[in-house]
Amino acid sequence: MPPNIGVLALQGDVREHRVALGRLGISYRPVRLPEDLEEIEGLVIPGGESTTIGRLAERFGLLHPLRAALADGLPTLATCAGMILVAGSIVEGDQPLLGGLDVVVRRNAFGRQNESFEMDLDVKGLDRPFHGVFIRAPWVEKVGSDVEVLARVGDRPVMVSSGRIVALSFHPELTDDSRIHRLWMEGGGS
């Protein structure tokens, strides 16, 4: 039986991740309240607006349960805003963070909305390039010693993993290619 995956459903690309998981035959459960974390076997933290997601998580009593779940090793895929949320720290701004990943992240590092772009990426663990969609994307400024870089744009890490967390700057859920979700499900990068 496929694992039961939770998708943090406070704001952002929730539907798009549901579709990507569905292509893999994976059941999906929206996570809006602490009790929604019970019995899930993995968590997707979608792209969206990281400050809004963090504040809503705080309002709905999810911050501490999410932090505890990450600390306990819940497999997590964090995309774009999700990468910001799982970072140990961010370069600028003041917002609630979940932590769990020993990285320093710069929000909107590639520029504003009109500077969004797409490009093919070489991703460790994939047999051919992955088409990355970058929208107001962050990048990793600094990686901790236990963090593996899985993809870069130039010299900037845009996909990293550590333990059971995989975080990326781009939006795999906005493509028809589910290889990133599959790689994560198979424990790629851990």
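So, which elements do the buried residues of α1 pack against? Keep that one in mind while I set the scene. What we have here is a predicted model, so please hear everything I say as computed from that.

Okay, α1. This helix covers residues 14–23, and its buried residues are Val14, His17, Ala20 and Leu21. If you look down the axis of α1, those buried residues fall within an arc of 125°, so they line one face of the helix. And here's what they pack against: the strands β1 (4–8), β2 (27–31), β3 (42–45) and β4 (76–79), plus the helix α5 (179–185). Once α1 is done, you run into Gly25, which has a positive phi, near 75°.

Now the sheet. It's an open one with 7 strands, and the order reads β2-β1-β3-β4-β12-β11-β10, with mixed pairing. At the edges you've got β2 and β10, the latter being residues 148–153, and each of them pairs on one side only. From one strand to the next, the twist averages 20°. Let me pick out one pairing: β4 with β12, residues 165–168, which is parallel and runs over 4 bridges. If you want a spot to click on, Leu77 sits opposite Val166 in β12.

Next, a quick stop at Ala57, in helix α2, residues 50–59. Is Ala57 buried or exposed? Ala57 has a relative accessible area of 3%, and we call anything under 20% buried, so Ala57 counts as buried. Leaving out residues up to four places away in sequence, Ala57 touches Leu10, Leu62, Leu63 and Leu66. Its C-alpha is also 9.4 Å from that of Pro34, with the two positions 23 residues apart along the chain.

Last topic: the aromatics. Searching the whole structure turns up 3 aromatic pairs. One of them is Phe117 with Phe134, and that pair is stacked, 4.6 Å centre to centre with 5° between the planes. Phe117 is in β7 (117–121) and Phe134 in β8 (130–134), so you're linking parts of the chain 17 residues apart. Phe117 is partly exposed, at 24% relative accessibility, whereas Phe134 is buried at 1%.

Phe134 also pairs with Phe170, and this time the arrangement is tilted: 5.5 Å between centres and 50° between planes. Phe170 is in the loop between β12 and α5 while Phe134 is in β8, so that pair ties together parts 36 residues apart in sequence. Put the ring pairs together and you get a cluster of Phe117, Phe130, Phe134 and Phe170. Right, that's my tour.

Terms used:
Residues numbered from 1 in each chain as written. Predicted model: local features only at pLDDT ≥ 70, side-chain atom pairs only at ≥ 80, totals over all residues. Heavy atoms only, no water. Buried < 20%, exposed > 50% of the residue type's maximum accessible area, 1.4 Å probe, protein only. Helix = DSSP H or I, 4+ residues; strand = E, 2+ residues; numbered from the N terminus. Arc of directions from axis to C-beta. Contact = heavy atoms within 4.5 Å. Pairing = 2+ DSSP bridges. Axes fitted to C-alpha atoms, helices over the stretch in contact; angles between N-to-C directions. Phe/Tyr/Trp six-rings, centres within 6.5 Å; stacked < 30°, edge-to-face > 60°.
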